[in-house]
Amino acid sequence: MRRLVRETELNAGDFLYPMFLVPGTGIRKPIGSMPGICQLSVDEAVKEAREALRLGVGGVILFGIPPEKDLEASGAYDPNGIVQLGIVALKRELPELLVVTDVCLCEYTSHGHCGVIEGEELLNDPSVELLVKTAISHARAGADMVAPSDMMDGRIGAIRQALDASGFETVPVMAYSAKYASSYYGPFREAAESAPAFGDRRSYQMDPPNAREALKEVALDLDEGADIVMVKPALAYMDIIWRVKQMTDRPVAAYNVSGEYAMVKAAAERGWIDEKKLVLETLVGLKRAGADILITYHALEAARWLNDA
Ligand code: PBG
Ligand code: ZN
């Protein structure tokens, strides 16, 4: 009876699984604050993505840790960069796999900020130029979708135009539209080795108390041509997910971020929670709040649980 009247159904196909790529072969380097998640060399990433595909997970979203970082973030748009090599290998070995890429500069800059800096100031427009180069190079390598996570103004329009002008009009843009300056990103910065060397990201990411501003950011990105809009983090921002869902018919994504994952894993290790039930409850809650797409480090295990049920 419950099954018959259930309003929201979670599917493995709703999930995007984030992966952290590093140079080399045969590398699976565990991330201390994210039990179960590793930095992966491309060959290992192919194995993991094959498992994701087998489980029916909707796709993967790639992050890269380059061998060297510099002021221009050159590893981000290097045609032989780590993400570009990852895209090529994944699409060659697993053509059916949906490969999305995170487009940002913070993993590639020596200072760890998401753009170009002058002194301690982040420069919006020069950053957008490099983000455009990065998105195009991902598309050229074969990415199915690009996802800019930097929060610079005007980057969605600039990337959309450049994709169209370069023959990639069928590559959609998933915009990290309402991305908050959040403490929940701590474990990710260990995983991606992208903690800012000075200051914080509050000059470009959003202030947690603001909701109307999030809707404005979403409206701008929709106007600039975003195909999917994202709210991030997820749990502390379920009201934003709900409001964004009400304002657009375009799909909404929610990013269940590293700190949200780490908290669950820490409590589960202590035996304080029933991890399986709790994770599925959280994910269905995000979907009920309006998220069509769930970006989560729990993707593989949640897919297994759903498939077993
Ligand atoms: C890069 C980026 C971040 C995350 C996704 N893309 C970190 C940040 O902005 O510092 C966070 C993901 C997570 O915490 O799981 N801009
Ligand atoms: Zn960034």
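# A tour from strand β4 outward

Start in β5, where Val 99 is the bridge partner of Val 60. This is a predicted model, in which local features need pLDDT of at least 70 and side-chain atom pairs count only at pLDDT 80 or more, while totals for chains, interfaces and linings use all residues. Residues are numbered from 1 along each chain as its sequence is written, chains are lettered from A and ligands numbered from 1 in the order in which they are written, and side-chain values use heavy atoms, with hydrogens and water left out.

## The strands

Keep Val 60 and Val 99 selected and show the strands around them. β4 and β5 run parallel and are paired over 3 bridges. Two strands pair if DSSP finds at least two bridges between them. The strands themselves are DSSP runs of E with at least two residues, helices are runs of H or I with at least four, and both are numbered from the N terminus.

Now select β4, residues 59-64. How many of its 6 residues are buried? The count is 6 of the 6, so the strand is largely enclosed by the rest of the structure. Here buried means under 20% relative accessible area, exposed means over 50%, and partly exposed is in between, with a 1.4 Å probe and protein chains only. Turn the strand to see its two sides: Gly 59, Ile 61 and Phe 63 point one way, and Val 60, Leu 62 and Gly 64 point the other way.

Add β1, residues 15-22, which is parallel to β4 and joined to it by 6 bridges. Within this pairing, Leu 62 of β4 has Met 19 opposite.

Then go to β8, residues 145-148. β8 pairs with β5 in the parallel sense, over 4 bridges, and Ala 147 in β8 is the bridge partner of Asp 102. Both faces of β8 are covered, with Met 145 and Ala 147 buried on one side and Val 146 and Pro 148 buried on the other.

## The zinc site

Select ligand 2, a zinc ion. Which residues coordinate the zinc ion? The SG atoms of Cys 104, Cys 106 and Cys 114 do, at 2.2 to 2.3 Å. Donors are N, O and S atoms within 2.8 Å of the metal (3.2 Å for Na, K and Ca); water is not among the atoms, so sites may look incomplete. The spacing of the donor residues in sequence is C-x1-C-x7-C. Both Cys 104 and Cys 114 lie in the loop between β5 (99-103) and β6 (116-118), so the pair ties together parts that are 10 residues apart in sequence. Cys 104 and Cys 114 are both buried.

The site has 4 donor atoms with angles of 100 to 119° among them, and is tetrahedral. Four donors count as tetrahedral if all angles lie between 85 and 135 degrees. For four tetrahedral donors, the ideal angle at a metal is 109.5 degrees.

Next, select Glu 68, in the loop between β4 and α2 (74-77). Is Glu 68 buried or exposed? Its relative accessible area is 64%, so Glu 68 counts as exposed. The C-alpha atoms of Glu 68 and Glu 107 are 9.8 Å apart, with their positions 39 residues apart along the chain.

## The aromatic cluster

Show the aromatic side chains; the structure holds 8 aromatic pairs. Rings of Phe, Tyr and Trp (its six-membered ring) pair if their centres lie within 6.5 Å; planes under 30 degrees apart count as stacked, over 60 as edge-to-face and the rest as tilted.

Select Phe 20 and Tyr 297, a stacked pair with 6.2 Å centre to centre and 10° between the planes. Phe 20 is in β1 and Tyr 297 is in the loop between β12 and α11, 277 residues apart. Add Tyr 255, which forms a tilted pair with Tyr 297, at 6.1 Å centre to centre and 45° between the planes. Tyr 255 lies in β11, so this pair ties together parts that are 42 residues apart in sequence. Tyr 255 has 1% relative accessibility and counts as buried; Tyr 297 is buried too, at 3%. To see the whole cluster linked by ring pairs, select Phe 20, Phe 63, Tyr 176, Phe 188, Tyr 255, Tyr 261 and Tyr 297.

## Two helices

Finish with α10, residues 275-288. At 1.5 Å a residue its 14 residues should span 20 Å, and the end C-alpha atoms are 20 Å apart, which agrees. The expected span is 1.5 Å times one less than the number of residues. Its buried residues include Val 279, Leu 283 and Leu 286. Among the elements covering them are β1, α9 (258-269) and α11 (299-308), where contact means heavy atoms within 4.5 Å. Gly 290 follows α10 and has a positive phi, near 130°.

In α11, the buried residues include Leu 300 and Trp 305. Their cover includes α1 (42-54), α10 and β12.

Terms used. Four donors count as tetrahedral if all angles lie between 85 and 135 degrees; four count as square planar and six as octahedral if opposite donors are over 155 degrees apart and all others between 65 and 115; anything else is irregular.
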